Amino acid sequence: MNLRFLQLTDIHFHNDNYNTLKMRTELIKYVVELRKDGEIDFLLITGDIANKGGPYNYEVKKFLNDIVSAINITKKDVHLIPGNHDLKRDEIRTLVIDSILRDPSPSDKLDKLQDETYQTLINAQSDFFTFYKEFLGIDYPSEKLHFIKSSDKYNILSINTCLISDKSGEEGNLLIGKRRFYESIQELSAKKDEKKLNIAIGHHTLGCIEYGERKTIQANFDDGDIDLYISGHVHDPSHNITINTSDNPFIELTSGAIFSDEYAVPGFVIVDINLDNGDATACYHIWNTSDDYWSVNNQVSRRTKHGKLEFKLERLSKEIELKIDEDNLSIDNEEIDENEFKQFIIDFHEKLDFEGPTRSNLDNKVELDNKFYNMKCSATFQKRFDRFSRYFGTIYSIMESTAYVSSEKKDLIADIIIDKYLEYHNKYDNGDEIFNCIIDQIIQENENLFPYSKLVTKKYVKILTAWSIYECDIFNEDKRCVEQ
């Protein structure tokens with residue numbers, strides 16, 4: 001099952017220079033064209049709809065309604081949060097914010113605000129809340145501040161990052177209110193068994209949040225199974241794939257702006273996700289200000305040089321792999337005929353026609369537990385490996401005697417497995433997938449050589465590959481170094 005969404009951010013609608021007006025007109029047409037590649041399921045608008053607290057007039061609403069119509073969705077599939085330009089500043093609010101930030105523990109100070117003081121902060125967004133209801137037909141839950149909206153395919157955690165936003169240069173010092181944030185993400189934690197995509201959206205990038213609260217957000221994203229964080233504010237598209245507090249990479253995507261000036265990079269992003277296996281693609285789009293057209297942006301980073309950022313959502317991938325692993329574990333637990341396995345090894349050596357370099361001294365250079373950890377092998381893989389290891393003695397009985405295999409051929413099986421490892425290890429980010437790829441490639445190339453069933457052949461090749469991991473200098477890469 002596939003899911004596709006579009007993110008717009010930093011519209012700053014009251015900018016009305018030629019490039020901005022032309023860009024927005026052409027955007028409507030461009031979105032209609034993009035639907036030919038697949039229907040868009042929902043729209044994220046991550047703040048700064050207005051500019052410097054400007055009004056939400058008829059033109060703003062018409063533009064957004066035109067976008068919704070071009071995407072061909074209903075308002076229930078639109079998710080909208082405020083940005084720092086969607087609030088009105090005043091002197092009393094500034095004094096309250098200054099007093100919070102001067103406190104020795106500003107994060108705790110914000111959490112303990114009395115209701116009246118909290119209202120002083122949140123009332124700055126009252127015009128946005130009114131617009132939110134007029135546009136979407138529902139109230140913004142200002143008392144909660146952060147909230148969950150769900151559909152049958154996804155959950156959206158909307159994070160209001162603008163509660164104490166007040167002045168320029170505040171990036172790195174923003175607070176979101178940890179208590180209210182935790183209360184909201186707890187709702188998501190209660191739904192974590194659901195097979196849905198979990199997205200958090202906020203106007204500011206995580207780098208704009210104060211360090212302590214940023215760490216709190218990331219830890220709770222991990223506990224709440226958040227798959228993506230989508231943001232704006234910086235007017236410049238980017239992506240960030242980092243190790244979170246667990247083994248799962250955490251994905252943050254940031255889009256460009258929907259206006260044009262000397263600083264902003266005009267653009268937006270469309271994300272496609274396969275919910276069955278976690279495969280995901282983010283395609284950034286950019287407005288060409290010289291020739292007035294929209295196109296794919298291949299200059300966001302080296303990873304998008306072909307126009308798309310490809311990545312995997314590990315949580316969704318692991319959910320589908322869990323059943324596969326359980327099935328494999330059940331098969332791998334079955335006993336084998338050791339005499340038949342011996343004959344398989346002998347036959348394999350005799351029928352091999354390997355022209356690669358012959359290796360000697362195939363010694364294990366890294367301890368097994370380190371291999372499993374660095375290669376991000378799952379617990380299920382390690383259980384399977386333990387089952388395979390029961391038959392290593394059978395392999396040694398063949399390899400250590402020239403009565404079965406001639407000395408010049410005894411390393412051939414290990415050589416082939418090593419070559420397959422070297423060919424494919426850079427194409428996958430964990431040991432489970434590399435192991436399975438090696439098995440599939442060896443069977444594909446040699447299955448016609450043996451009078452055994454495909455199931456039996458596969459199990460024997462698995463055991464030989466596990467033995468090679470134990471005995472040889474492979475599976476030594478560090479897959480925990482995730483590319484930024």
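**Figure 1. Surface and overall make-up of the predicted chain.** About 21,900 Å² of the chain is exposed, and 46% of that comes from carbon and sulfur atoms. The areas are Shrake-Rupley values with a 1.4 Å probe, and for residues only the protein chains shown count as cover. This is a predicted model, where local features need pLDDT of at least 70, side-chain atom pairs need pLDDT 80 or more, and totals for chains, interfaces and linings use all residues. Residues are numbered from 1 along each chain as its sequence is written, and side-chain values use heavy atoms, with hydrogens and water left out. Of the 484 residues in the chain, 53% are buried; here buried means under 20% relative accessible area, exposed means over 50%, and partly exposed covers what lies in between (1.4 Å probe, protein chains only). The chain has 16 helices and 13 strands, taken as DSSP runs numbered from the N terminus (helices: H or I, at least four residues; strands: E, at least two). Take the contacts between residues at least 6 apart in sequence: 79% of them join residues at least 24 apart. A contact means heavy atoms within 4.5 Å.

**Figure 2. Helix 3 crossing helix 5.** Helix 3 spans residues 91–102 and helix 5 spans residues 115–122; their axes come within 9 Å and cross at roughly 115 degrees. Each axis is a line fitted to C-alpha atoms over the stretch in contact, and angles run from 0 to 180 degrees between N-to-C directions. The crossing is left-handed, which is to say the near helix is turned anticlockwise from the far one by less than a right angle. On the helix 3 side, look for Ile92, Arg93, Val96, Ile97 and Ile100, which meet Thr117, Thr120 and Leu121 of helix 5. That contact splits into 5 nonpolar, 2 polar and 1 charged residue. For the bookkeeping, Ala, Val, Leu, Ile, Met, Phe, Trp, Tyr, Cys and Pro are nonpolar, Asp, Glu, Lys and Arg are charged, and the others, Gly among them, are polar.

**Figure 3. His12 and its neighbours.** His12 sits in the loop between strand 1 (2–8) and helix 1 (18–34). His12 counts as buried because its relative accessible area is 1%. The side chains of His12 and Asn51 share a polar contact of 2.8 Å. By polar contact we mean a pair of N or O atoms within 3.5 Å; within protein, one must be able to donate a hydrogen and the other to accept it, and residues adjacent in sequence count only if both atoms are side-chain atoms. Beyond its neighbours within four places in sequence, His12 is in contact with Arg24, Asp48, Ile49, Ala50, Asn51, His85, His235 and Phe259.

**Figure 4. Asn84 and its partners.** Asn84 lies in the loop between strand 3 (78–81) and helix 3. With 9% relative accessibility, Asn84 is buried. Its side chain makes a polar contact of 2.9 Å with the side chain of His203. Setting aside residues up to four places away in sequence, Asn84 also touches residues including Asp48, Arg89, Cys162, Ser165 and His233. The C-alpha atoms of Asn84 and Lys52 are 8.2 Å apart, with their positions 32 residues apart along the chain.

**Figure 5. Positive phi at Lys52 and Leu145.** Most residues other than glycine have a negative phi. Lys52 isn't a glycine, yet its phi is positive, about 55 degrees. Lys52 is in the loop between strand 2 (42–46) and helix 2, and is exposed, with a relative accessible area of 69%. Leu145, also not a glycine, has a positive phi of about 75 degrees. Leu145 belongs to the loop between helix 6 (126–136) and strand 4 (147–150), and at 0% relative accessibility is buried.

**Figure 6. Lys61 in helix 2.** Helix 2 covers residues 58–71 and includes Lys61. Lys61 is partly exposed, at 23% relative accessibility. Lys61 and Phe135 are 74 residues apart in sequence, but 7.0 Å apart in space from C-alpha to C-alpha. Neighbours within four places in sequence aside, Lys61 is in contact with Tyr56, Phe131, Glu134 and Phe135.
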